[in-house]
Amino acid sequence: MKTKLSALLSTALLTTLSLPAANIAFVSFHPADDTPSGAAATAGFTNAPDAGYTALLSANGHNVTRFVTVDNLDTALLPDGVTPVSEALATNDLIIISRSVPSGHYQVLGEVTAWSSLTNPILVLNGYITRGGTGGGSRLGLTTGETMVDANVDELRLRILFTSHPIFAGISRNSTNLMINPYARRMTFTNANTGATTLQLGISINNNPIAAGGGVLATVGTPGSGGLNGMVIGEIPAGTTVINQGGTYLLGGKRLVFLTGSRESGITTEGAGIYDLLADGAQMFLNAVTYLTTPQPPLAPEATLPLVSATNLVEGDAWTFNPGIVGDSPRTYQWYKNGLPIPSATNPTLVFTSLTASDAGEYQCFVTNAGGWTSSTLARLDFLTFAPASITNQLISYWPLDSVQGTKSFDLVSTYDMNLINMSAADLVPGKWGNAFQFNGTNAYLERINNPGDALPIYNNPNFTVSLWVQGVPQTDRRVFSEGSLVNANSLFNIGTHNTAADGTVDIFIRNDGGTASPNHAHSVQWAFDGGLWHNIVYVQRDVGNGNIRAQLWVDGILDPVVFTPIRPLTLQTTTIGAIRRASASAWYAGLIDEVAVWDRALSPAEIQILQVTAITNPPVRLQPLVVSSFKADVPAVVPGGSTVLRWEVNRDVEQVTINGVDVTANTLFGSGSLSITQNVSSSYVLTISSGGNSLSRTTSVAVVTGVAPNWTILDNFEQAALGNLANSGYWNDTAGNVGQVVSVNGNRALRTVATGTSFLNLRDLSIQENQACTLFFRVIAGAGNASAVTNIVGLTDKSQRSYGDAYANIGSVVYFAPFTNDLVGVETNGWYLGARNFPGGGIDYLGNQALPQPALEDSVVYNVWVDITNASMAEFIYDTFTVYIQKEGGAPRQPLFSDYTSDRDLLLVDVILGGAAPVLDKLIVLGNNATFSAVFDDFYLSTGGYNSTVPIAYQTSQPPGELSATWVGNQIQISWENGTLQSSSNVNGPYVDVPGNPSSPHLVTPSGERLFFRARQ
């Protein structure tokens, strides 16, 4: 590392500079350049990760003293036990806070006051400690929010906003003020102990507005980067009042935010802040030090941010104009409206906490200081004009929740009907108007999986309204109306109960695709959940332009004073009542819900008053095009003579439904249909729906796998799935959309994980019921030998899934696969091992029944794994048991690895969001926690009656099929290919099915019909 550090610095030193020497205090985890903290040393660092900064400063003539970061700066003492750390810091010309510090040292009331009071200029390299907002993570208050994102690009360029600032002297930029040369790069850490390399994350950007009175100097400018347009460099002058959750603070000296240093990935947090600046970034860093430590000529003010206009506003909205003024203090501000000065509007920002119609107009700010003057851009505020009140105008969906038809509750407007999940007509009770649904808080809810082109999810509309009536007690974080994604657990729009059940208020929670929440549990002042009374909740959201959104919450017709700013983008697919629906369901509500309606516009206050006194009458009807929402079998393949179920969702008002020309209209009830099929050869099925002279078709296929031993049914061998995302097959759910990947191994298609998350296959009719025993069989090939901090998990569970963390424990009868060095008995063996948990709360046992040390899985070798599972009776409070066997493919007979273990499925624990244990094991799961390393899994089979110790099917390896050729032989066509299984289709884009009988090459075909396409698969 020392050699590498020297090489790094040799490229960064700017020997042409002649800088006045400054005394600089550098605050970090690490006490010396060549002495990393204990945790960093253990992780393989031989130098301080941030030594590049101090070495660069020293090489350019500055005197640098390292200070180890301390908690509670207001009371902390130096090692002498006498000198306050704050006094020692204050003796320096400049204080630099490294990226390599813990955020917790900069957020408690006393320590924030102490840091703010320092009159020294402070250069802050760490975005995490700049945050100032309303949540528990709020820190120094240099920005007005808490969200963070990584600028994960290999070469980061900044867009310079204050072009004449001394920091940017000598920096080349193009006509749009984007740096020509890169600012920083992502770094790769090499562990000095093991030689393993890990690509680190980029600079962590706090992409929130800078504190009022501060100015943004440069932002993320590289297209495609996380945090695009977020602040990287910003300045807040001395004397500025900043705010965080602890209160307000007056800055004793100038603060310069200068974000640099990698965020750690796969290493200790004390390894954060690895030097990442390139030549121009290093130049700017040194320029910033000079700017903060030497007298400067008067710096005239400059507006770095254009004022943002808004339209579609309503009375009560909040708005802030911020020109982002930078320049020497003191400054004089004067705001103008429609060309006239606004009395008393002399602050850096112009803040409207509750707009009125009289605030409409054009605004501008003029600023002066000793160096000159500047003006901001012009911006306008305009208000929404409501049409005459009509609660049926632009009504998209109306679910009165009065009745049940089949397994659905109807939408009377767009036929966007809700499917009943664990509910029936028995759950209908008297409601606010007519009937309502009683939700059990355990597993009952209503859901719709929306189709492309639908007007739902309603959050996809720029402007919309949601109204519903609720009756229920205060409860923890339950959702009455929600929209989510099947492939991204982050994306959520939720209306629900208080997230801690502190009271009966309404909780609004919105989180975008990237995981940023805004609002992050905003609570109404008024109560809607008080036990016995019905209450109306109306949520109204408007796009006011320029990427800004405003929303209002009404309870019982009264505008609630809660203020929050919603966020985008949300890529949503589901709409639910009484729970959240992502890849699986959660956050089930206990209570009554009635009269749910959504509009693709903002309702007026007058229309919200109408909702208080009447149900919606005479709703309009929006005719919908024919649509096949889904058409799939429960599993992609069966054994010869095996059965599965075809299921479909279509328009509820279709006139006829056929499958392969056979009428199945009678199997279709209000748009939901199913048909049990038994087949001996691979087959395709064409579903056709017809109505009003129009028709629409969808095709699916079910393969037949031959050579399977008795008493096994196939779950998936992945041969019917395309290479790439497993979720695209349509059978598996994926909590992140890209966790499971279908890959080719030994000529077979198999599964590996390439991201942190969960893939799971719903077992449906194959679910393991209480008091039922079964065997899960699958194959595994160990992952890369140099993997670290990797775990794959495979097994059967009842548990709802949001993420890897949800499913890591308290999951059930599963097997853990992980690589590590096994030296428990003094004999080191390095490789992948199998583990299992015995009892709830137990650790993962990687020893099992084997002689010590347990043999590691051999590289590139296929292993057969059997998991015998007994699903015990929850009513009798008995825990599940399982036994795991393993056998090397083609090797000695299988051996028990974990015998009669007790499942860690905790029968007592009830998770607030995910609920408690359920009686049925209904999911096959495969989890991963690493984007680079994973084991490979294949050939999932389930026994059909009790335990089964046989190998379901021999492991096959095959060669690539090679090219196909076709030639005429008489009146027939001869198809030739090198290897693999021949498939055919009537359409070039498929779907393809295996040619019956699995013919060998060459194969003669008698032409019939218009066309036929062939391909070979491995």
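## A look at the whole chain and its largest core

The accessible surface of the chain comes to about 39,100 Å², with 52% of that area belonging to carbon and sulfur atoms (Shrake-Rupley method, 1.4 Å probe). This is a predicted model, where local features need pLDDT of at least 70, side-chain atom pairs count only at pLDDT 80 or more, and totals for chains, interfaces and linings use all residues. Residues are numbered from 1 along each chain as its sequence is written, and side-chain values use heavy atoms, leaving out hydrogens and water.

Let's turn to the fold. Eight helices and 75 strands make up the count for the chain (DSSP runs, H or I of at least four residues for helices and E of at least two for strands). The radius of gyration is 32 Å, close to the 31 Å that the globule rule gives for 1018 residues, so the chain is as compact as a globular protein of that length (taken over C-alpha atoms; the rule is 2.2 Å times the number of residues to the power 0.38).

| Feature of the chain | Value |
|---|---|
| Box filled by C-alpha atoms, along the principal axes | roughly 90 × 80 × 70 Å |
| Residues that count as buried (under 20% relative accessible area, 1.4 Å probe, protein chains only) | 55% of 1018 residues |

Now for the inside. The largest nonpolar core (buried Ala, Val, Leu, Ile, Met, Phe, Trp, Tyr and Cys residues joined through side-chain atoms within 4.5 Å) has 75 residues. Helix H6 (residues 279-293) gives the most to this core, with eight residues. Leu123 is among the residues with the most contacts inside the core. Beyond its neighbours within four places in sequence, Leu123 is in contact (heavy atoms within 4.5 Å) with residues including Ile96, Phe258, Phe285 and Val289.

Technical notes
Buried < 20%, exposed > 50% of the residue type's maximum accessible area, 1.4 Å probe, protein only.
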